[in-house]
Amino acid sequence: PDQLKINDIAVTETVQLSDGARITIGNSVLIFHNNANQTQDNSTEPSSDNNSLRKINHEELLRIFSTVLDVISQIMKEHNYNHAASRLVQVTGRIMHCDGGRLLRKTKEGTLETVASFPEHAGQDRFCQTAITWADREASSVLIADTDSEEATAVEESMNVKEIRTILCGPLYEDDSEPFGYLYLDRLKGHNAFNSQDKELFERLRILFSDLLVNVKLREKQAKSIKALQESHSGDEGRSLVFSDTSMQQLFEKAAKVINLDVPVLIEGETGT
């Protein structure tokens with residue numbers, strides 16, 4: 001699995017970020033900007049209208065960035081997909097200030113089931129099928145908040161029944177294949193609706209969390225394969241080492257002849273003696 005890198009260097013300890021630092025995780029790249037290094041009057045900077053994330057105040061941006069880095073560090077050590085999914089949904093829910101969030105996946109029968117939810121006690125079925133269909137069609141994050149739009153009108157009845165005011169939904173991809181899941185957030189009536197700025201942040205989180213979950217799935221699969229191989233060698237004298245090569249088998253057969261003798265044994269190999 002890919003490591004967390006700062007400016008293309010693998011991170012093994014705490015690193016102090018400088019303005020413009022590149023943070024790489026999987027196929028996603030984040031650029032850290034320190035507003036303190038920017039002058040108040042800089043005519044060369046692009047208009048804030050072209051990047052709505054600049055509208056987030058400095059303290060909020062640092063909070064989000066710190067939270068994302070913390071969860072990346074935790075997930076890079078995780079080998080359980082369900083645990084990782086739950087952690088990511090909890091973090092997304094807090095960052096986006098939503099009333100409800102969930103990670104959904106399709107079953108073999110084609111229905112949707114909730115893998116993780118925010119808050120944890122939130123209803124498992126509070127999601128809009130049409131919003132997910134729309135996200136599938138766009139292959140990107142979608143925002144449903146304006147009931148005058150065609151898509152929102154199609155889900156207006158479902159939203160009203162569940163007292164939902166606005167929805168953010170995006171597919172999670174492993175590669176160019178079908179989505180393996182969906183990240184879904186909502187805010188209830190009486191609360192502020194998601195806006196285009198929220199959608200832009202959500203889209204970045206969707207791409208990043210897709211890569212993180214894919215890495216966890218790979219590590220979980222590797223762990224299961226290693227466990228199965230260890231169990232298949234459970235009766236071997238060399239069960240502390242996992243191997244399938246015949247030369248290793250011959251080595252352990254030789255070792256078995258002297259293992260109970262009080263004599264020194266010299267082992268030579270390419271990496272040392």
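This is a short tour of a predicted model, one selection at a time.

**Stop 1: the whole chain**

Start with everything selected and a cartoon view. You should be able to find 6 helices and 9 strands. Of the 273 residues here, 35% count as buried. Now switch on the surface: its accessible area comes to about 16900 Å², and carbon and sulfur atoms account for 47% of that. How many of the contacts between residues at least 6 apart in sequence join residues at least 24 apart? The figure is 58%.

**Stop 2: the four-stranded sheet**

Head for the open sheet of 4 strands, whose order is β2-β1-β3-β4, with antiparallel pairing. Which strands stand at its edges? Select 9-10 for β2 and 28-31 for β4: each has a single partner strand, so one side of each has no neighbour in the sheet.

Next, add residues 22-25, which form β3. Strands β3 and β4 pair in the antiparallel sense, over 4 bridges. For one example, click Ile 25 and look across to Ser 28 in β4, its bridge partner.

**Stop 3: the five-stranded sheet**

Now move to the other open sheet on this tour. This one has 5 strands in the order β6-β5-β9-β8-β7, again with antiparallel pairing. Select 112-118 and 142-144 to see its edge strands, β6 and β7, each of which pairs on one side only. Turn the view to look across the strands: the twist averages 20° from one strand to the next.

Then pick out β5 (residues 100-106) and β9 (residues 181-188), which run antiparallel and are joined by 5 bridges. Show Gly 101 and you'll find it opposite Leu 185 in β9. Further along, Leu 104 stands opposite Tyr 182 in β9.

Two helices pack on this sheet, so let's bring them in one after the other. Select residues 81-96 for helix α2, which touches β5, β6, β8 (164-172) and β9. The direction of α2 makes about 60° with that of β6. After that, select residues 129-138 for helix α3. Its contacts in the sheet are with β5, β6, β7, β8 and β9, and its direction makes about 145° with that of β7.

Stay with β9 and look at its pairing with β8: the two run antiparallel, with 8 bridges between them. Thr 166 is a good one to click here, since it stands opposite Arg 187 in β9. Is β9 enclosed or open? It is largely enclosed by the rest of the structure, because 7 of its 8 residues are buried. Buried here means under 20% relative accessible area.

While the side chains are showing, here is a pattern to look for. In a regular strand, side chains alternate between the two faces of the sheet.

**Stop 4: some unusual backbone spots**

First, a bit of background. Most peptide bonds are trans, and most residues other than glycine have a negative phi.

Now select Phe 118 and Pro 119: the peptide bond from one to the other is cis, with omega near -15°. Pro 119 sits in the loop between β6 and α3.

Jump to His 97, in the loop between α2 and β5. What is its phi? It is near 50°, a positive value in a residue other than glycine.

Ala 139 is another one to click, in the loop between α3 and β7. Ala 139 is not a glycine either, yet its phi is positive, at about 55°. With 40% relative accessibility, Ala 139 counts as partly exposed.

**Stop 5: a helix and a nonpolar patch**

Select residues 196-232 to light up helix α5, and find Leu 229 within it. Leu 229 counts as partly exposed because its relative accessibility is 33%. Add Phe 243, which is 14 residues apart from Leu 229 along the chain, and check the distance between their C-alpha atoms: 8.1 Å.

For the last selection, show Leu 261, Val 263, Val 265 and Ile 267 with the surface on. Together these residues make a nonpolar surface patch of about 390 Å². Zoom in on Ile 267, in the segment after α6 (246-258). Is Ile 267 buried or exposed? At 59% relative accessibility, it counts as exposed, because the cut-off for that word is over 50%.

Key:
Residues are numbered from 1 along each chain as its sequence is written. This is a predicted model: local features need pLDDT of at least 70, side-chain atom pairs count only at pLDDT 80 or more; totals for chains, interfaces and linings use all residues. Side-chain values use heavy atoms; hydrogens and water are left out. Two strands pair if DSSP finds at least two bridges between them. Axes are lines fitted to C-alpha atoms, for helices over the stretch in contact, and angles run from 0 to 180 degrees between N-to-C directions. Contact means heavy atoms within 4.5 Å. Patches are made of residues with over 30% relative accessible area and no salt bridge: like charges are joined within 9 Å, nonpolar side chains (Val, Leu, Ile, Met, Phe, Trp, Tyr) within 5 Å. Accessible areas come from the Shrake-Rupley method with a 1.4 Å probe; for residues, only the protein chains shown count as cover. A salt bridge is a side-chain nitrogen of Lys or Arg within 4 Å of a carboxyl oxygen of Asp or Glu. Buried means under 20% relative accessible area, exposed over 50%, partly exposed in between (1.4 Å probe, protein chains only).
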